[in-house]
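Please read the following account with the sequence and the model side by side. It begins with strand pairing, moves on to the contact between chains, and ends with domains and charged pairs.

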Amino acid sequence: MSDDMLLQATDVCKYYHSGDSDMAALDHVDFQLKKGDFTVLSGRSGSGKTTLLNMIGLLDTPDVGSLDIAGEDVLALSAAKRADFRLQRIGFVFQAYNLIRVLSARENVAYVLQLRGMAKKERLDIADHWLSEVGLKGLEHRRPDQLSGGQQQRVAVARALASQPVLVLADEPTANLDSQHGESLMNLMRDLNERCGMTFLIASHDPVAMAAAKQCVHMEDGNIVSSDIV
Amino acid sequence: MILSLAWRNIARSWQRSLVTVAAVATGLSALIFLWGFNDGVHNTMMRNLQQVIVGSIQIHHTDFFKKPSLSRHMKQTPELMKALSKAQHSGQVKGLSCRLDSFALAAGDDVSEGLVLLGMDTKAEAQTTRIAEKVDQGRFLQADDGAVCVLGATAARNLGVSLGDDVIFLTQDRFGALAADKFKLIGIISSGEMGIDRGLAIVPLDVLQTMLEMQGRYTRVVLQIAPEHLESVTTSLRSSLNHKDYEVLRWYDMYPMMKQWVDLENAFYYIFLGVVLLIVAAGIMNTVLMSMLERVREFGVMMALGCSRRVLAGMVIVESMILGALGVLFGLFVGLTLVAWFHGVGIDLSAQMDTVARFYVDPIVYTEIDANHLWQTAGSVMAAAIVAAFVPIWRVAKLQPVEAIHHV
């Protein structure tokens with residue numbers, strides 16, 4: 001794997017059992033990401049983009065294939081080490097925001113840093129910084145139910161970025177937002193990608209997301225059918 | 001972090017948490033009150049048995065307790081005096097009294113009755129037992145009273161004698177010769193305990209010693225000891241006295257049935273405690289499990305962010321422990337308040353006195369709780385809260401992040 005390569009998935013297969021037959025959610029997929037990429041995985045529902053994202057995020061394991069992230073064979077890691085790898089290297093943005101309800105925006109962002117063992121003042125300073133970066137200065141103490149959907153998703157982005165991961169994975173981040181907030185969120189992530197150099201991999205069939213991508217990879221029936229540099 | 005998150009999760013469903021805490025507190029306070037009543041009755045029984053007449057420890061000539069006979073008597077030997085002096089100087093002996101007792105035939109005007117004739121040193125006895133307080137009519141013995149006696153109420157009734165009457169006691173002296181003397185009845189005891197009321201006559205020690213040719217001789221030395229020093233004083237006396245000449249018996253060596261009864265009742269309470277603990281554990285498990293199932297998606301997100309299963313399990317167990325601890329705190333407060341209240345005002349069992357008096361139970365029971373029972377109960381409830389977390393923890397341990405995140 002070359003120095004600028006961040007991720008390499010080779011011959012990845014994932015099957016789901018349905019009755020007597022196996023259905024391939026991923027069918028011998030080869031996929032690479034370079035450091036600093038801003039790639040959108042597109043495709044209809046059921047095309048396999050979320051499954052691929054889950055494999056890359058170490059939330060699920062492929063039945064066949066290999067997966068290298070930042071030079072490490074991540075499929076060889078134990079469950080505990082995978083959790084630690086996610087904690088240290090990967091940031092997540094989910095479709096349904098998935099903030100922790102009992103924590104404030106600031107505490108949600110600081111949560112991952114706390115899991116890393118960072119001191120309280122330092123992690124809260126970093127949380128405030130990233131909330132400011134995503135345009136939520138002044139809303140640090142609000143709970144998720146006191147924020148709009150767009151604001152919650154921005155908190156989720158700040159949470160994903162606060163720990164300075166090598167790779168940020170976003171699954172349909174604009175799906176629950178109106179087009180204006182969706183575009184604003186994609187612009188924010190693209191801006192952070194360019195300013196901070198973090199690598200983004202986004203699964204989305206939203207044209208707004210595809211319009212913001214540097215690279216757009218299209219999936220159908222568990223296969224990558226095209227890859228276009230925008 | 002675990003503590004903070006756990007506390008906020010409990011506060012998030014505060015109504016459900018409150019019901020759980022209230023259930024735990026109610027269970028615990030009920031247990032504490034029942035222990036308070038139980039210990040109050042048992043401790044009263046054991047105290048009364050010791051304080052009314054038996055004492056905490058008795059020293060006899062070897063085998064006297066099983067085969068009472070004047071030939072098995074004790075004298076004030078240097079060995080005995082040294083052992084008693086050592087016990088008294090330890091500060092653990094509240095009172096010490098020497099007694100002489102024998103079987104006698106008592107005769108009233110027309111009737112005779114077999115009784116235990118018990119000689120007591122009135123001054124020493126006043127510091128050792130409360131038998132004088134049980135006198136219902138007349139008075140108890142006083143120093144230099146001469147030939148007077150105190151009878152149990154049933155014995156006096158059976159003999160047909162009343163205060164001021166003469167009672168003749170016929171017995172054998174130390175040498176086997178017949179000995180008889182006349183005693184004026186000055187007091188009648190109503191203790192409620194059949195053995196005392198029906199079969200006991202108390203006379204001055206010096207008068208009985210003279211009557212039985214037992215000057216300077218005793219059949220029993222009775223010691224009153226605080227319960228916490230009972231075993232140590234017994235051990236000390238047994239090591240000081242030659243077991244071929246002396247037997248040192250605790251109250252429950254002489255009357256084992258009472259201790260066995262107390263142990264049996266305590267065993268029933270432990271079974272009851274177990275049942276309540278099951279209910280408490282089920283209540284806490286229900287709350288924590290429901291709370292956990294409502295947050296499967298949140299747990300999935302936390303796992304995706306890198307939170308280990310160990311941290312999640314820790315959070316679940318801390319939630320359970322907080323609920324348990326709050327319940328235990330409130331339960332201790334309510335339970336101890338009840339015990340303290342009824343320790344002051346008592347619970348009136350006068351209606352059942354005919355039944356309970358013979359077991360040395362007072363008509364009014366004052367609750368009290370042994371520290372061991374208190375901490376065992378509170379600790380068991382807390383342990384139940386921890387055990388209750390095992391099922392939710394097991395569910396957390398089985399969660400897969402990708403499934404949990406998409407859990408509806």
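In this predicted model, a convenient place to begin is the pairing of strand E1 (residues 5-18) of chain A with strand E4 (residues 64-69) of chain A, which run antiparallel and are joined by 5 bridges. Within this pairing, Ala9(A) stands opposite Leu67(A), a residue of E4(A). The two strands belong to an open sheet of 4 strands in chain A, whose order is E2-E1-E4-E5 and whose pairing is antiparallel. Because strand E2 (21-34) and strand E5 (72-73) of chain A each have a single partner strand, they stand at the edges, and one side of each is left without a neighbour in the sheet.

From the sheet we turn to the interface. Here 24 residues of chain A are in contact with 21 residues of chain B, and the two chains bury about 2000 Å² between them, with 62% of that area on carbon and sulfur atoms. Which polar and charged pairs cross this boundary? The rule finds 5 residue pairs in polar contact across the interface of chain A and chain B, both residues being at pLDDT 80 or more, and the count of salt bridges between chain A and chain B is 2. Side chains of opposite charge can pair when their charged atoms come close. One of the salt bridges joins Arg8(B) to Glu107(A), with the closest N and O atoms 2.5 Å apart.

On the side of chain A that touches chain B, the elements that give two or more residues are helix H2 (79-89) and helix H3 (105-115) of chain A. Of these, H3(A) gives the most, with 5 residues. The residues of that side of chain A divide into 13 nonpolar, 4 polar and 7 charged.

Chain B can be followed through its domain assignment, which gives domain 1 (2-49 + 258-405) and domain 2 (63-242). Taken over C-alpha atoms, the centres of domain 1 of chain B and domain 2 of chain B are separated by 49 Å.

A last step returns to charged pairs, now over all chains, where the count by this rule comes to 22 salt bridges. Among them is the pair of Asp253(B) and Arg238(B), whose closest N and O atoms are 3.4 Å apart. This pair links distant parts of the chain, since Asp253(B) lies in helix H9 (residues 251-254) of chain B and Arg238(B) in helix H8 (residues 230-240) of chain B, with the two residues 15 residues apart.

Definitions and conventions: Residues numbered from 1 in each chain as written. Chains lettered and ligands numbered in written order. Predicted model: local features only at pLDDT ≥ 70, side-chain atom pairs only at ≥ 80, totals over all residues. Heavy atoms only, no water. Contact = heavy atoms within 4.5 Å. Buried area = accessible area lost by both parts, 1.4 Å probe. Salt bridge = Lys/Arg side-chain N within 4 Å of Asp/Glu carboxyl O. Polar contact = N/O pair within 3.5 Å; in protein donor to acceptor, adjacent residues only side chain to side chain. Nonpolar A, V, L, I, M, F, W, Y, C, P; charged D, E, K, R; others polar. Domains from an automatic or database assignment. Pairing = 2+ DSSP bridges.
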